[in-house]
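Please consider the following note alongside the sequence and the coordinates. It concerns nonpolar cores and one sheet.

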Amino acid sequence: MVETGLIDAVAQGLVTGSIIAAGALGLSLVYSIAEVPNFAHGDMLTVGAYLALALNNPSEIPFVPNAVALPFAVAAVGAVVVAGVFGGIYEKAVFARFRDKDADLITMVIVSLGLALFLQNLVLFLAGSANVTYDTVRRVNVNVDVYATGSGLGVELTQRAGADLATLDAWGYGWLAVVAVLAVAVAAGVAVYRWRSADTGYERVHFVSPRVLAVATTLAVAAGGAALTRGGTVATSNPAFSTRIGVSWKYGAILAVMLATMLCMNYVLKRTKTGRAMRATADDQSLARVRGVDIDRVQLVVWVLAAVLAAIAGVLLGWYASNLNPNMGFNLLLPVFAAVIVGGIDSPYGAALGGLLVGLSMDVGVYLLPAEFATYRTAIAFVILVAVLLVTPEGLWGDA
Amino acid sequence: MALADFLVSLLTVVSVYTLFGLGLNIKYGFTGLVDFGHVLYFMTGAYVTVVVTLPVAATSYEGIGGFALPQLLSGVPLGGLLAWFVAIFVAMVVAALLSLLVGVPTLRLREDYLAITALGIATILHTVVNDERWLFNGPFGVRDVHQPLAEAFPVSLGSFLVNLAVFGLVSVLVLAYIGYRVGDYVYGVDLRAAAMAAAAAVLVVAGLGAAALGGALVLGGVLVAVAGVVVLARGIGRADGFGRPLALFTALVFVAWHFGTPFFTAGPSGVLASAVWLFDPTAGADGGFTYGRFVLLVAVSFVAVAYWWCERTVNSPYGRVLRSIREDEDVPEALGKRTFRYKVQSMMFGSALAAAAGGLWATHIAFIDPTQFIADITFFAFTAVIIGGAANNRGVVVGTAVFWTLHTGTRFLNDYFPTEYATQLAALRVMLIGVLLMVILYYRSEGLLGEQTYDTGVAAEEGGRSE
Amino acid sequence: MVAVSDPILEVDGVEKYFGGITALDGASFDVESGITGLIGPNGAGKSTMFDCITGFRDPDGGSVWFRGEDVTGDSPSAVANRGVVRTFQIPHELPEMTVRENLALAPRDQRGESLVASWARGDGYYEDEQRAQRRAVEAAERFEISHVLDTPAGELSGGQRKLLELARALLTEPDLVLLDEPLAGVNPTLEERILDHIQTLAAEGYSFLFIEHDIDVIMEHCQEVIVMHQGRVLMRGEPEAVRTDDRVVDAYLGGDAE
């Protein structure tokens, strides 16, 4: 019998991590540019998730007319757009007013707490406290079973069909092929890193940082190599090591959406005029104003983007967990804050990376700890947060 | 439940949360520490008090303890009460030590990091208490809460008439004293503002009264009540301050509610029952002074002592250093004050007060479980403190009274809606609290009373002693 | 005016980095009693040096000695309690506290500053607080802000804030006062008053190290001048020697000049 193991936990952690990363990215924008430690950010996730529910599965919500039920993907996009409008409302109705009054950081913390109470209970008021789900096409997870044996690496795809496990596919690699593919992949990654970082100077802004590009190259080459060198089945009866990785097209979709989101945000921040204005505002608001940056517009964009990112994270969270409830976002607030603080509040990239790190730690941590500690998943994020703050009060990546 | 019982229960809750808020005010109002985990010490206080006084091997309790302190002290006169005080003291010490553990790493952080780490620690310890049955019985909570002297209640002085006379007299005296203080404060109010406040009170009472009859009157009644609020606002606009007209309005509405409602439901005897609210005619054979009223008395005494204690703390050079930390920590530090030590002490003192409130809460409610200690309790206390005016101890009393009266008072709305909407109504209430928090911070960030003035016990001008 | 004696403050090779930027690059100097000026173009590291001396930042290298004792890395309050007190470039008044409270806060080792003493109010509590209040009033009179004693400090004018900051620093009875641009944004009349105060106080035995941009002020009022440039000490000497030094002229007229 094949058991799920560390690699499965890592895969889960990547999915959790990318959801946290999307939340953290939005929170860090608001944190660094609007200078609001936004305690309502978790509830902005919840609002996004429920907006998608209202479009996709309105019968779950008592106060919404049961007229249109859009396919999940369409509903998700619609929810994200509406959430963006909400983001503009938060800015105009609440935060712009307090900014005009030069509210200090503590006041902003408590204002955002007020908004958090409002949003969370607005959802509770409209949708009730029951656990609900999106109406999506359900597909059964595929298990990827990996066996390490004397003759090579065996892979089996299995799927639960009724009470039985059906084997969908099976293939293997000789050890030589495994080593060769890994070596080529690492070499390609190193080469790309050298190539891209050769012209690094103080002035140069990379669209994608060389490190990220190198890791992406390594993964792509490894995947390509694995497809090319695929061989016949390997006897898997008595493996030295075996592990099961639960895979779903859902996970792939979540990772793909997150990746696309990150690239879009990267484009906005680095290649657009607004993005440059945002970064200038984050560095020094008064200087940016002197240079002719329209601060109010930048702030509006920031809140809209933050709400959009929060909605994306919220929808994916609800989909991933197959469960929505009014506390879902607030419960994720701690990991999201942890990610932002770990990554350094002024660095959106640090925040995204921090999100991945926190998500991985949570799922791997739960896997490594005894079963009765599963309720302390959030606590793991918190332990990371405190550990990082104790060592470097400014966050791991600081202002990098 | 009779009106008087409801009033007693509400006042007890207000007292408990006032004590809790006084602790928060030391941290947040005077020192500027945004402790979003304040409820942690309330929970600690409640559990420690209960477990220390819990009998050994209490039924359906699988946590640590009980330590059976009342049984240990049973030989001492008033041993049960003494055990309870010892338990409260232990709870305060435990909470102070816990906040020391929490504070040493977190109080070096920026204020926003402190807020999130404090919230995190409180959330996680709440999860621990909820999930670990070996600790304090997990989600099943603790019954068998030790209620000191409960066996002596209801106190009866022999006959119904004597009870009515004595306790009734005390009740009336209390009401008269409060009425005197309010009147003394309101006296001198602008006459037109007073007239408008009175008219507003009439409109609000009539409107709400009509709405309570139900049917088609609901909408009209609510409209009349809203009109009353508008009149009140205009009346306040005419006066030179909002305090006096508002106090007058509040007093009139209270009188109408306290004496008017029972008149319509129970007739003159209802009015009498409201007047002698500290006397419960249904308790025991001859009526008497109930345990709930005793707990209220204890809670009010705790608040009085804590209020005095907080005032003494902040009206001193020590309090001056605390406030300078709130304003700008670099200044006292540059002047040679060890600000970190002050922040830790402020945290410990505030947490100890929260623990005392927790102990009182447990005694009042007689059953505790983790659902009573959610993060919202902290946020409510922040709202109450901000309503009254942060860094104002009297403001905490006023703010907590306003907050919990509105919070509890709006529960009567539940009666007019089908029970399946209870969640909705509760959510609506908290939504409005969130809005209230933002509105107050925007329009009147200093709260109803503003920041208090300070006196270190030395008259400033002459440099002479004034205490 | 003041006899040259052992240095009271010794700064030895202090380094400080922020990310990739070097703010202090092994700066060393001595400060003797009297009035010492610290000048240098913007970005020379003067304020960072103040932060490192007074413990608001830990230096990444080097050491700071006060009266022969190593105070490197001590907390700001510990440094202040040894007798080195600073002011801030932007006045740090405590806005919601009155001027009186701002001043009464300053005297060191007040009895009522301990939690238990504030409760017990035992021996000497009232006498000590009376003393603090009296000294606050005296300081306000001396610095001509007694008419605003009961005004919240946040409502003061810029000049009054500067005076409050100076008065508050002196109430700690320091040996050495570090003034970070006490004349910045101050009108000429007030500038004269502040300089007079500093001269009088120096005659009473207080020592000053102060950052100032106006070379003329430095020349007129300081016995010694330290010139910083790019995180290092360019030179230290008598005002006249500094004025005529080519390196100083270069530093000011070079790329960093204002």
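The points below begin with conventions and then turn to the cores, the sheet and one residue.

1. This is a predicted model, in which local features need pLDDT of at least 70 and side-chain atom pairs count only at pLDDT 80 or more, while totals for chains, interfaces and linings use all residues. Residues are numbered from 1 along each chain as its sequence is written, chains are lettered from A and ligands numbered from 1 in the order in which they are written, and side-chain values use heavy atoms, with hydrogens and water left out.

2. The largest nonpolar core (buried Ala, Val, Leu, Ile, Met, Phe, Trp, Tyr and Cys residues joined through side-chain atoms within 4.5 Å; buried means under 20% relative accessible area, 1.4 Å probe, protein chains only) holds 204 residues, and F36(B) and F42(B) have the most contacts inside it. Its largest share, 17 residues, is supplied by helix 10 (residues 295–321) of chain A (helices are DSSP runs, H or I, of at least four residues, and strands are E runs of at least two, numbered from the N terminus). Another core, of 58 residues, lies apart from it and includes M219(C) and V248(C).

3. In chain C, 4 strands form an open antiparallel sheet in the order 2-1-4-5 (pairing requires at least two DSSP bridges). Strand 2 (21–31) and strand 5 (69–70) of chain C each have a single partner strand, so one side of each lacks a neighbour in the sheet. F66(C) has E69(C) as its bridge partner in strand 5 of chain C.

4. S63(C) belongs to strand 4 of chain C and is buried, at 14% relative accessible area.

Key
Buried means under 20% relative accessible area, exposed over 50%, partly exposed in between (1.4 Å probe, protein chains only).
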